[in-house]
Amino acid sequence: QETIDSMSSTLLAPPETSTSASERSTVDKPAKRLEPREPNPRTNSGIRAYILPVAVGLVLRTLVSLVWLGGTDLNNDAADYYSEAVKIFDGTREPIPSYWPPGTSYYLVGWFAVLGVGVGTARVAMIVLSTLQIAVTGLLTFEATRNRRTAILASWIWALYPPSVLLVGQTYSQHLACFALACSALFGMKWINSRSSLWLVPLGISLGVGTLTRPSMMSVLLITLAVVFVLSLLGSEKLSQRISRAIFRAIPVALAAGLVIAPTILQNARYGGGYSLSTNNERNFFIGNNPHTPWYKTSHFAQRTLQELPVEVQEYLVSHYEAPDRRAAMKQAAMRHIMENPGLAVLRTANRARSFWGFDYLATRSIQATYAAISKIVAVAVLLAEAGGYALVMICALLGLFHFSGKATVSSTAWYLAAILAYAVPYCIAFSSGTYHYPVMGIVVVFAAIGARSIWESGWKSIVAPTRVWLVLFAFVAIQVEYAYFTMAAW
């Protein structure tokens, strides 16, 4: 580099007025040819280290989704999102409000325009999204830790994360919500570290996409606006100047998110659905808060058809479903039940908060729904991989929270936890189940990588020695046992 700099300064210097013979002979000599610089092997190996988990994750998801589980049907909500996307693409969708949040369907429509309509196209779209998540997870981790090895480890964890691999063949909204939430956390962290306004618009767009996919992300949008506003108030300037700065920084986030979600809100209002992103929110709130709602498994009615429920439950639900203004009727019934039973409401809220962190089994159920003749041994093996993979990542994440000091910044830890908890809040109010934590796992993996690194460097015994660590791990295991009991009782 010094040689190049000296040559540049020589070439750019003004010509001398006189040149001695010795200098002329030196100048007249042909310039020494610069040999091409050899590529840095460390740089190449670093790039390969980042690309390898993405490539392995892509291959693994392709094999599972298109080969091993290529014959499975799209189940439950996944089938509804796909069907909605086909209607939008074909122009056959009825002019009615959106019952399901349309983010996932819009994403599929874009792929239909490129590859054509089909379940195969939809699965390719999910594979690409899940693979991009691997890269985003690595970037998210590096932004918090500034450690290349920890970032690569996080990418590997998500590349091999069983719930992600096994569920990628289903067009559930979890995939896009997870990607949007991780991008929001990444862009938010970029802004916190740099205070550059360039990150505010991408932050707002990712929050808007996430909210359009899962309206529960509205809580993350609100907490983000609060964080941007409060942090912008810090400084030594006059209060009026700081307030103006805070407002001008919050506006791009709100405006970008609003531009993403506003068309759907206005369309629903035009079709008689009110100013909402989807019309199923009141139903979710009602299902999780009525006299027949189970105390623990508050999502039970949402995961069963009416015909599978007891007669008295069917009659109660149908009486509200068929009311003249059913959305208002369901909302009022739920609010009335909460006000009349505050103790039960508190109990259900606490139960929902715990069940949100229950283990995954949605992919296993999807496989069983198609392959009814699948042996119990195979079903149990898939369930152990799905649930066990989640439990292992969570244990590492909990250890990472205890040992993030020196491995991640306090600001990144606080911001990531704020995003995770904000996302969980709506599920503590309506109804909850382990499957709904999937979108936050893209951020949880950051702490899992820190925990795994701590175990590698310090050893398991040293990491779990403090009593408080054992208490937290015991609480997590107890939550899984409780969740398994109530899940199996209702399976």
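The legends below describe close-up views of a predicted model of one protein chain.

Residues are numbered from 1 along each chain as its sequence is written. Because the model is predicted, local features need pLDDT of at least 70 and side-chain atom pairs count only at pLDDT 80 or more, while totals for chains, interfaces and linings use all residues; side-chain values use heavy atoms, with hydrogens and water left out.

**Figure 1. Overview of the protein chain, with 22 helices and 0 strands.** Helices (H or I, at least four residues) and strands (E, at least two) are DSSP runs, numbered from the N terminus. Of the 491 residues, 46% count as buried. Buried means under 20% relative accessible area, exposed over 50%, and partly exposed in between (1.4 Å probe, protein chains only). Of the contacts between residues at least 6 apart in sequence, 76% join residues at least 24 apart; a contact means heavy atoms within 4.5 Å. The chain exposes about 24,300 Å², and carbon and sulfur atoms supply 66% of this area. Accessible areas come from the Shrake-Rupley method with a 1.4 Å probe, and for residues only the protein chains shown count as cover.

**Figure 2. A nonpolar patch on the surface.** The patch is formed by F229, V230, L239, I243, I247, F248, I251, L255 and L259, which together have about 860 Å² of accessible area. The elements giving two or more residues to the patch are α11 (218-233) and α12 (239-270). Helix α12 supplies the largest share, 7 residues. V230 belongs to helix α11 and is partly exposed, at a relative accessible area of 48%. Patches are made of residues with over 30% relative accessible area and no salt bridge; like charges are joined within 9 Å, and nonpolar side chains (Val, Leu, Ile, Met, Phe, Trp, Tyr) within 5 Å.

**Figure 3. Surroundings of T213 in helix α10 (residues 200-213).** T213 is buried, with a relative accessible area of 0%. Apart from neighbours within four places in sequence, T213 is in contact with P101, G103, T104, S173, L176 and A177.

**Figure 4. Edge-to-face pair of F359 and Y483.** A pair of aromatic rings is described by the distance of the centres and the angle of the planes. Rings of Phe, Tyr and Trp (its six-membered ring) pair if their centres lie within 6.5 Å; planes under 30 degrees apart count as stacked, over 60 as edge-to-face and the rest as tilted. By this rule there are 22 aromatic pairs. For F359 and Y483 the ring centres are 5.1 Å apart and the planes stand at 90°, so this pair is edge-to-face. F359 lies in the loop between α16 (342-355) and α17 (362-370) and Y483 in helix α22 (residues 467-490), so the pair ties together parts 124 residues apart in sequence. F359 is buried, with a relative accessible area of 13%, and Y483 also counts as buried, at 3% relative accessibility.

**Figure 5. Ring pair of Y416 and F447, and further aromatic groups.** The rings of Y416 and F447 have centres 6.4 Å apart and planes at 75°, so they form an edge-to-face pair. This pair links distant parts of the chain, with Y416 in helix α19 (residues 410-429) and F447 in helix α20 (residues 441-458), 31 residues apart. Y416 and F447 are both buried. Elsewhere, ring pairs link F356, W357, Y423, Y427, F431 and Y436 into a cluster.

**Figure 6. Arginines over aromatic rings.** R195 lies over the face of W191, 5.0 Å from the ring centre. The charged end of R270 sits over the ring of Y271, at 5.3 Å from its centre. A charge sits over a ring if NZ of Lys or CZ of Arg is within 6 Å of the ring centre and within 35 degrees of the ring normal.

**Figure 7. Salt bridges of R354 and R146.** A salt bridge is a side-chain nitrogen of Lys or Arg within 4 Å of a carboxyl oxygen of Asp or Glu, and the structure holds 7 of them. R354 and E482 meet in one of these (2.7 Å, N to O). R354 lies in helix α16 and E482 in helix α22, so the pair ties together parts 128 residues apart in sequence. R354 counts as partly exposed at 25% relative accessibility, as does E482 at 22%. R146 forms a salt bridge with E143, with the closest N and O atoms 3.1 Å apart. R146 counts as exposed at 51% relative accessibility, whereas E143 is buried at 4%. E143, R146 and K190 are linked in a network of salt bridges.
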